[in-house]
Structures are given as C-alpha cells and as structure tokens.
Amino acid sequence: MQKNTAPRSTIRLTRRGRIALVATGAIVVGTAVAVPLLTLGTKEERRPTTLTVPEGWRASQVYAAVDKALALPAGSTKKSLDKAALKLPNDAEGNPEGYLFPATYALQEKTTPDRLLALMVDTANDRFNGAPIAAGAQHNAMNVYQAVTIASIVQAEAATKADMGKVARVIFNRLERGMPLQMDSTINYALNRSTVRTTEADTRIDSPYNSYQRMGLPPTPIANPGEEAMRAAVNPAPGDWLYFVTVRQGDTRFTADYQEHQRNVAEFNAQRKKSGAQAAG
C-alpha cells in the first residue's frame, strides 16, 4: 500500500489476488472444496448434477463454469443475462457481480443458464436483504450494495477468515479519513488477473477500479463474497489500522503506523525474493 506523501514503489497494502486452479474433473479455489463438474463414466462424460460456486469467484468465472456444467458453447451464459430478468439492486445497473451467491446448486435436465443465474441472485437477495446484513449495513451508514462491494474486497484480500474483520476495518478507516483504498485486488479485477505483484505502472492504469487513483469504493463488487465476508463488512473488528501486508503464510500484520508498515513491506519483499531464488534453484 502507499500513502499520498510517500513514494509508490515502497508501499503495498495487500498480499495477493485469489488464484483459481483448474484440475481434471474439478475446479478448486483457495480452500474451497472440489467441484464435481465432470463425472467420468466408462465411455462418455456425463452431465454433472450439481455446480458449486466457491466464495470469491468473479462473475466471469461463474459464467465459464455454468457453460461447462451445462455443456454449452463458451460465452453462452454471459449472453443469457439479457433474458435472465435478474432481481438486482438499482445500483448494480444490471451487473450481477457480487450477487452470484457462493453455494452448491442442483442441475436438472431442464436447467438453463438464465434460470441458474436467477437462482443465484435470488439466493443472494435472501441472504443479504434480511437481518443481520441489512441492519448492519444501515448501522454503518451504507446500503446493502455498498456492503456487498466491501465484502467482495474483504473476500479477495483477507489471508484467513480470522483476518476478514480487520481487513474490513482498514477499508472503513481509510474511507472515513478520505484516503484511497489502495487495494491490489481492485487492480487485479481491472486487469482481469490474479497476482501477488502490483507494479508502479499498474497503479497508474485508467480504470474506475483503480483504487490507488480513485477515491471511495469501486463502482461494483469485484467478486462474489460469502457469508463470513459479508458479516465482516457490516461488523468490522475494532481497531485503528490503516495498512496490512501478509509477510508470509499465517503472518498478516496490521498497523496504523506508516513506518512500521514500511518495515513489514520490506520483510514481505525479502521473503518473496528469497522464495523466488529458491524456486529458480
């Protein structure tokens, strides 16, 4: 992360984007369970009976998975949005990002992509519009769509579930102080990638999702958050933190002190350099 008064090249707020691994017959994301998209028969592939949407998937990943599960040509699910009649909030302007709720969905012979997307959105509305999410959003002077946007960043940024409340608090503290969020996950979303490395050039891209240059929240969620991320977004942990970085696995450091954060970032960079040298060797 960087601070307005300090050089960009030395500051980093976050540790990484979320990376999807594709394995034969399954899709795995982070700690999510394997999704049985393909069930192999003795001679031919059978249509799967369920589709699991893991927490933190982007809409583009959901579309691709639905295409695959329903044996449709690539791009079919995205094209079905116009006829899906999704019950999205007005702020979404027809974009279902954030509202394709992570869950396991049954697939029937007559399942169509538009009906499946509608079911995901209806599930999200059921979870988001009731207590305690809606009440928590109101308590924090925001609407549910803004809470979903914050939760999507929390989902992408938090190294562990235990860190979610702290990441949410960093977001709130920065918004309250009029500071840019400076989240690498929003840059990754703008560039349609997942990486642990954000360069100086990346932070200068012209995009409404560039939270290094733009103030406030991004215009839409950047992923589809799960319930724990949503709870963190409406009930952030108490603290004065403004910065965080995951130095190594299991070691995410939160601080309100810029100098301390610089030292943490330096340690993170040293660890990454060391890991790169070991991999090359």
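## Helix 7 and its span

The expected span of a helix is 1.5 Å times one less than its number of residues. Helix 7, in this predicted model, covers residues 164-176. With 13 residues, helix 7 reaches 18 Å from its first C-alpha to its last, close to the 18 Å expected. Just after this helix comes Gly178, which takes a positive phi of about 70°.

How much of helix 7 is buried? Ten of its 13 residues are, so the helix is largely enclosed by the rest of the structure. The buried set runs through Met164, Gly165, Val167, Ala168, Arg169, Val170, Ile171, Phe172, Asn173 and Arg174. As for what surrounds them, these residues pack against helix 6 (144-157), helix 9 (227-234), strand 7 (243-248) and strand 8 (251-255).

## The chain as a whole

Stepping back, helix 7 belongs to a chain whose secondary structure comes to ten helices and eight strands. The chain has 281 residues, and 48% of them count as buried. About 13700 Å² of the chain is exposed, with carbon and sulfur atoms supplying 50% of that area.

Contacts in the chain can also be sorted by sequence separation. Among those between residues at least 6 apart in sequence, 65% join residues at least 24 apart.

## The largest nonpolar core

In soluble globular proteins, nonpolar side chains tend to be buried together. Here the largest nonpolar core has 58 residues. Which of them touch the most other members? They are Leu51, Tyr99, Leu100, Met120, Phe128, Val154 and Ile171. Two or more residues each come from helix 1 (59-69), helix 4 (113-128), helix 5 (133-139), helix 6, helix 7 and helix 9. Helix 6 gives the largest share, nine residues.

Met120 is a good residue to click on if you want to look around this core. Leaving aside residues up to four places away in sequence, Met120 touches Leu51, Val53, Val62, Val66, Tyr99, Leu100, Phe101 and Tyr105.

## Helix 9 and a link to a loop

Helix 9, one of the neighbours of helix 7, has its own buried residues: Ala229, Met230, Ala232, Ala233 and Val234. These pack against helix 4, helix 5, helix 6 and helix 7.

Helix 9 also takes part in a salt bridge, in which Lys161 pairs with Glu228 and the closest N and O atoms are 3.4 Å apart. Lys161 lies in the loop between helix 6 and helix 7 while Glu228 lies in helix 9, so the pair ties together parts that are 67 residues apart in sequence. Glu228 counts as partly exposed, at 31% relative accessibility.

## Other salt bridges

The structure holds nine salt bridges. One of them joins Arg193 and Asp202, with the closest N and O atoms 2.8 Å apart. Are these two partners buried or partly exposed? Asp202 has a relative accessible area of 11%, and because buried means under 20%, Asp202 is buried. Arg193, at 22% relative accessibility, counts as partly exposed.

Another salt bridge is formed by Arg248 and Asp251, whose closest N and O atoms are 3.1 Å apart. Arg248 counts as partly exposed, at 33% relative accessibility. Through salt bridges that share partners, Arg248, Asp251, Arg253 and Glu267 are joined into one network.

Conventions
Residues are numbered from 1 along each chain as its sequence is written. This is a predicted model: local features need pLDDT of at least 70, side-chain atom pairs count only at pLDDT 80 or more; totals for chains, interfaces and linings use all residues. Side-chain values use heavy atoms; hydrogens and water are left out. Helices (H or I, at least four residues) and strands (E, at least two) are DSSP runs, numbered from the N terminus. Buried means under 20% relative accessible area, exposed over 50%, partly exposed in between (1.4 Å probe, protein chains only). Contact means heavy atoms within 4.5 Å. Accessible areas come from the Shrake-Rupley method with a 1.4 Å probe; for residues, only the protein chains shown count as cover. A nonpolar core is a set of buried Ala, Val, Leu, Ile, Met, Phe, Trp, Tyr and Cys residues joined through side-chain atoms within 4.5 Å. A salt bridge is a side-chain nitrogen of Lys or Arg within 4 Å of a carboxyl oxygen of Asp or Glu.
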